[in-house]
Amino acid sequence: MSSIRFDATKQYYATSSLVVGYALCSSLLAVINKFAITKFNYPGLLTALQYLTSALGVWVLGKLGFLHHDPFTLETAKKFLPAAMVFYLAIFTNTNLLRHANVDTFIVFRSLTPLLVAVADTTFRKQPCPSKLTFVALVIILGGAVGYVATDSGFTLTAYSWAFAYLVTITTEMVYIKHMVTNLGLNTWGFVLYNNLLSLMMAPVFWFLTGEYVDVFAALGSNSGNWFEPAAFFAVSLSCVFGLAISFFGFAARKAISATAFTVTGVVNKFLTVAINVTIWDKHATPFGLLCLLFTLAGGVLYQQSVTGASSAPLQRESTASSKQTDSENDGDDFVDENHGNGVSGKLASV
């Protein structure tokens, strides 16, 4: 009896540790990446370092036996390449959004994705129209976002151009690419390896297309860049470590707790991100802007509830085998969404 109680207590603390670790990584990641891009103003190089850290981390941990990932093959890489390109574009636009805007602006535009996904699903994929509750939730999200944009004192054309570009790429990924990735049959760590390794290979191309290589080499030549300053080194290292850490905690927490509990944790993380961002520095929205942001997040909570409620009834009528298949597909969808929302390897997302 005492042995059973000890095992239950051990399991409780292990699960709690995973949830707390995921919450900390998820809520801090957007703020950490904003800090990193502020101290190290080379977004292409920063994301390349993050891709390198995650790909190398997965490979090393796989060699040590701590995790299992699918082997890297040229055939699978060719099939995965379109997904990796969209992933890279989402992170690229995300990075530049955080470079030119505050974390609150990022969260608002990230929260708009359910609205665009619903429109795209109905228009292009001929999915049923959203339920009344879902529609109300989407209107609330849109209203909060419009109120935020209308009162944003830090509004600039550059920042919002990157915001709309990010919105388009992340919506494209959610509507189409995630289904292709699921069909490849990769496990979660294989997904991380392919995503980061292929993105790392694409990084030099964007270096030259954006002209960032000129700034990098000029900084190296003049030694005027913050290459070896402690603050810049610490910020970049922290963002890389947190990007890999959220991969582990995100996957482990998803397995340890229910899908509902994981969703609730993700929602709480967004509110924590806002609270942390307001507390530690002045790079945040006005009080009314923050109110609109909270309004948008509340719409997101309502949206999650409406979607969960709508899908629970038909699932109960399915057979056990069908239920398992649906759960697996939903987990894949959540995985892709989480990567770009808070960052498994979409380090600059959030989430």
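Buried means under 20% relative accessible area, exposed means over 50%, and partly exposed is whatever falls in between, with a 1.4 Å probe and protein chains only. By that yardstick Phe66 is exposed, because its relative accessibility is 64%. Keep in mind that this is a predicted model, where local features need pLDDT of at least 70, side-chain atom pairs count only at pLDDT 80 or more, and totals for chains, interfaces and linings use all residues. Residues are numbered from 1 along each chain as its sequence is written, and side-chain values use heavy atoms, with hydrogens and water left out.

Let's start with the overall layout. The protein has 13 helices and zero strands; here helices (H or I, at least four residues) and strands (E, at least two) are DSSP runs, numbered from the N terminus. Of its 351 residues, 47% are buried. The protein exposes about 17100 Å², and carbon and sulfur atoms supply 68% of that; accessible areas come from the Shrake-Rupley method with a 1.4 Å probe, and for residues only the protein chains shown count as cover.

Back to Phe66, then. This residue is found in the loop between helix H2 (43-63) and helix H3 (74-100). Together with Leu52, Leu56, Trp59, Val60, Leu61 and Leu64, Phe66 forms a nonpolar patch on the surface, and the accessible area of the patch is about 680 Å². Patches are built from residues with over 30% relative accessible area and no salt bridge, joining like charges within 9 Å and nonpolar side chains (Val, Leu, Ile, Met, Phe, Trp, Tyr) within 5 Å. A salt bridge, in turn, is a side-chain nitrogen of Lys or Arg within 4 Å of a carboxyl oxygen of Asp or Glu.

Now for the inside. In soluble globular proteins, nonpolar side chains tend to be buried together. A nonpolar core is a set of buried Ala, Val, Leu, Ile, Met, Phe, Trp, Tyr and Cys residues joined through side-chain atoms within 4.5 Å. The largest one here has 35 residues, and Phe106, Ile107, Leu112 and Leu293 touch the most other members. Two or more residues of this core come from each of H3, helix H4 (103-111), helix H5 (113-124), helix H6 (132-150), helix H7 (157-183) and helix H12 (287-316). H7 gives the most, with eight residues. Leaving aside residues up to four places away in sequence, Leu112 touches Ile141, Leu142, Ala145 and Leu167, where contact means heavy atoms within 4.5 Å. A second, separate core of 17 residues includes Ala48, Leu186, Phe191 and Leu198.

The aromatics are worth a look too. Rings of Phe, Tyr and Trp (its six-membered ring) pair if their centres lie within 6.5 Å; planes under 30 degrees apart count as stacked, over 60 as edge-to-face and the rest as tilted. The structure holds 15 such pairs. Phe72 and Tyr194 are stacked, because their ring centres are 4.9 Å apart and their planes are at 25°. This pair links distant parts of the chain, with Phe72 in the loop between H2 and H3 and Tyr194 in helix H8 (residues 188-210), 122 residues apart. Phe72 is partly exposed at 34% relative accessible area, whereas Tyr194 is buried at 0%.

Tyr88 and Phe92 are also stacked, 6.4 Å centre to centre with 15° between the planes. Both lie in helix H3, four residues apart, about one turn of the helix, and both are buried. Ring pairs link these two with Tyr51, Phe87, Trp162 and Phe206 into a cluster.

Finally, two spots bring separated stretches of chain into view. Ile276, in helix H11 (residues 259-280), is partly exposed at 22% relative accessible area. Its contacts are Ser27, Leu28 and Val31, not counting residues up to four places away in sequence. The C-alpha atoms of Ile276 and Ser27 are separated by 8.0 Å, with their positions 249 residues apart along the chain. Pro287, in helix H12, is exposed at 70% relative accessibility.
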